[in-house]
Amino acid sequence: MDAELVATAQRLADEVLFPAALATDAADVVPQAQLDALAAAGLYGLTAPRSVGGRGADAATVLGVIEAIAGGCLTTAFVWTQHLGATRAVASSTGEVRALAPSLASGARRSGVAFAHLRRPGPPAVVAAPDGDGGWRLTGEAPWVTGWGRIDVVHAAGVCGGDVVWSLVDAVVEPTLRVERLRLAAVDASATVVVQLDGHRVPPERVTVVEPLADWLARDALGLRTNGSLALGITRRTLSLLGPSPLDDELAAARVALDASGPDTVAASRARASALAVRATAALVAAGGGRAIRRDEHAQRLAREALFLLVQGQTPAIKAAEVAALTGRVTPGP
């Protein structure tokens, strides 16, 4: 782990993000200054290799930085974390799109993602059709794209048969690309939208990779631990406000469980972390009494954010595990 980089992220969270978190929560879109602060600290290139100007951080460092930033301001963290996977994918591409990797690693160009639909059962929500010259046309609905108005591109997935086509799409409304703003009870300033694609053309130089969908699903299962750091960050900040309690030891245990989890145990570990965030924030609200639910109090913000994390980055297995953790059921019902 790069302890210095994690410490930099923690200082940024404590001195810049957390003091402004209530104002960010109330904003229509996350202030540009919050995201610029992350870029200035080199965090937009956290997962990018040094060969393109990134930090080349190892897994432990990435998790530590995400936890710190989430504890500063979840809205800012939620928008920023979408960029990390896109930057890594572009830097790893063998296509022409790799030329954009340095601008993504520096944060000069910022990305969202559109792939949550790949985890859903049933027919593909977004399909990709070949366009003759190596390009593609995307059609369908991407139901969860974060950071609209603060991103330049979207790393989008479309399904073609048994493959998934990944491409970098400009985050610009056009006749073939329309957006509808979602209003959320928490992290609303993330400016999350539904994107409608109607034969939207992607030129060949914007394709990052075409790979078997089964390969991506297997890799995605290995990476589900990452979002658990968001819950750890919320809990850590909450406990710093609550004061010493038995929940401190539970937080440490939840972090250990997440770090030790594999594909067969990550759902339970994620559920444990999310449930702990709900319990911790509820305790902070209870301790604060009536003032805790004022909009200018962190307790209500953190409680809403903990609820948000119950539905963010879910798979059916994580959803079932969360319901089980919160109800005491061994196997959740329908």
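## Exercises on exposure, phi and contacts

Glycine 161 is exposed, with a relative accessible area of 68%. That value comes from a predicted model, as do the values below.

**Exercise 1.** Place glycine 161 in the chain, and find how far its C-alpha atom is from that of proline 124.

*Solution.*
- Step 1: check the class. The cut-off for exposed is over 50% relative accessible area. Glycine 161 has 68%, so it counts as exposed.
- Step 2: find the element. Glycine 161 sits in the loop that joins strand 4 (153-160) to strand 5 (163-170).
- Step 3: take the distance. The C-alpha atoms of glycine 161 and proline 124 are 9.5 Å apart. Along the chain, 37 residues separate the two.

**Exercise 2.** Determine the sign of phi at valine 187 and at alanine 191, and class each residue as buried or exposed.

*Solution.*
- Step 1: recall the background. Most residues other than glycine have a negative phi.
- Step 2: read the angles. Valine 187 has a positive phi of about 45 degrees. Alanine 191 also has a positive phi, of about 50 degrees. Valine 187 is not a glycine, nor is alanine 191.
- Step 3: locate both. Valine 187 lies in the loop between strand 6 (177-181) and strand 7 (193-202). The loop between strand 6 and strand 7 also holds alanine 191.
- Step 4: apply the cut-off. Buried means under 20% relative accessible area. Valine 187 is at 0%, so it is buried. Alanine 191 is at 2%, so it is buried too.

**Exercise 3.** Describe the surroundings of aspartate 188, starting with its side chain.

*Solution.*
- Step 1: locate the residue. Aspartate 188 is in the loop between strand 6 and strand 7.
- Step 2: class it. Its relative accessible area is 15%, so aspartate 188 is buried.
- Step 3: follow the side chain. The aspartate 188 side chain reaches the backbone nitrogen of leucine 184 at 2.9 Å.
- Step 4: list the contacts. Beyond four places in sequence, aspartate 188 touches Asp28, Arg181, Leu182 and Arg183.

**Exercise 4.** Decide which side chain of opposite charge is nearest to glutamate 322, and test that pair for a salt bridge.

*Solution.*
- Step 1: locate the residue. Glutamate 322 belongs to helix 12 (residues 316-327), and it is buried.
- Step 2: find the partner. The nearest side chain of opposite charge is arginine 270, 5.3 Å away.
- Step 3: test it. A salt bridge needs a separation within 4 Å, so glutamate 322 has none.
- Step 4: list the contacts. Leaving out residues up to four places away, glutamate 322 touches Ala271, Ser274, Leu309, Leu310 and Gln314.

Methods
Residues are numbered from 1 along each chain as its sequence is written. This is a predicted model: local features need pLDDT of at least 70, side-chain atom pairs count only at pLDDT 80 or more; totals for chains, interfaces and linings use all residues. Side-chain values use heavy atoms; hydrogens and water are left out. Helices (H or I, at least four residues) and strands (E, at least two) are DSSP runs, numbered from the N terminus. Buried means under 20% relative accessible area, exposed over 50%, partly exposed in between (1.4 Å probe, protein chains only). Lys and Arg count as positive and Asp and Glu as negative; His and the chain ends are not counted. Contact means heavy atoms within 4.5 Å. A polar contact is a pair of N or O atoms within 3.5 Å; within protein, one must be able to donate a hydrogen and the other to accept it, and residues adjacent in sequence count only if both atoms are side-chain atoms.
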